[in-house]
Amino acid sequence: MSCYVIVTCRSLLWTLLSIAAALANLAALMTAQWLVGQPRKAGIPGVSNANASRQTSPEEYYRPTIGIYNRCTSLHYFGEIFHDSCGPYITSFSELPSNFWKATLVFMGMGILLLVIVVFTSLLGFCVHAIGKKSIFNISGLLQAIAGLFLIIALVLYPAGWGSDRVQDLCGYRASPYYINECTLGWAFYCAVGGTLLSFVCAILSVQADIATSSDKVEDEILEGKNLICLL
């Protein structure tokens, strides 16, 4: 059985965008840049600074951030040295501050898992063009659409958890579902939104990728005995 490697502009574009969609959502999930608080002085909460009377330098101020399961802050280490501290603020899934964020993490995790699977099928699609008599591009496009739905649910549920105690500590006591009070949205949220939209764009492009790899020009190249086929 011969193996034909078929590369077209549309299939290559779809593959690259599929990788970008997966990476965008994965990066958003792993970072703490979802909510950004107001500038505050570095230090350990509840511990007074013996040199509080001295003039404060701009370097002593920072903007704390929080993600779905991690956060970033800054601690006064020694003298004029300040240490950035980033990492998970939970040790188990049950410790997430809101049930809405638990659901967000689940739906976003499922969406990213499907997008990662599509990354592998998109690379496989250069050589394998059907699975069980079904186009690998159509199957991948369906998975991307389902992943996009999961991600939309996650993005809708996420702001519903803004009323939790941890968010109020960062954004003020007036923070409530769908209202972040003194905080601003970080780049991770917009990255997740962009990755979600990109997953639907990829789902649409998968149809064009399938058409491009099944065109008459491809058939002619195969009849000529070529195993590596590159078309515009």
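Here are a few exercises on the predicted model above, each with a worked solution.

**Exercise 1. Get an overview: how many helices and strands does the protein have, and what percentage of its residues is buried?**

Start with the secondary structure: there are six helices and 11 strands. Next, look at burial: of the 232 residues in the protein, 41% are buried. Then turn to the contacts with a separation of 6 or more: 69% of them join residues 24 or more positions apart. Finish with the outside: the accessible surface is about 12,700 Å², and carbon and sulfur atoms contribute 66% of it.

**Exercise 2. Work out whether T15 is buried or exposed, and find which residues it touches.**

First place the residue: T15 sits in helix α1, which covers residues 9-30. Now check its relative accessible area, which is 3%. Buried means under 20%, so T15 counts as buried. For its neighbours, skip anything up to four places away in sequence; that leaves S122, L123 and F126 as residues T15 touches.

**Exercise 3. Describe how α1 packs against α5.**

Two numbers get you going, since two packed helices are described by the angle between their axes and the distance between the axes. For α1 and helix α5 (residues 187-213), the angle is about 160 degrees and the axes are 8 Å apart. Angles over 145 degrees count as roughly antiparallel, so α1 and α5 are roughly antiparallel to each other. The crossing of α1 past α5 is left-handed. Sorting the residues of this contact by class gives 15 nonpolar, nine polar and one charged.

**Exercise 4. Do the same for α1 and α3: what are the angle and the axis distance, and which residues meet?**

Helix α3 spans residues 136-157, and α1 packs with α3 at an angle of about 25 degrees, with 13 Å between their axes. Under 35 degrees counts as roughly parallel, so α1 is roughly parallel to α3. This crossing is left-handed. Now pick out the residues: α1 brings S11, W14, S18 and N25, while α3 brings F137, S140, Q144 and L151. Split by class, the contact has three nonpolar residues, five polar ones and no charged ones.

**Exercise 5. Where does V106 lie, and how far is V106 from F150 in sequence and in space?**

Look for V106 in helix α2, residues 99-124. Its relative accessible area is 39%, so V106 is partly exposed. Along the sequence, V106 and F150 are 44 residues apart, while their C-alpha atoms are 9.0 Å apart in space.

Notes: Residues numbered from 1 in each chain as written. Predicted model: local features only at pLDDT ≥ 70, side-chain atom pairs only at ≥ 80, totals over all residues. Heavy atoms only, no water. Helix = DSSP H or I, 4+ residues; strand = E, 2+ residues; numbered from the N terminus. Buried < 20%, exposed > 50% of the residue type's maximum accessible area, 1.4 Å probe, protein only. Contact = heavy atoms within 4.5 Å. Areas by Shrake-Rupley, 256 points an atom, 1.4 Å probe, with all protein chains shown as cover. Axes fitted to C-alpha atoms, helices over the stretch in contact; angles between N-to-C directions. Parallel < 35°, antiparallel > 145°, perpendicular 65-115°, else oblique. Left-handed = near helix turned anticlockwise from the far one by under 90°. Nonpolar A, V, L, I, M, F, W, Y, C, P; charged D, E, K, R; others polar.
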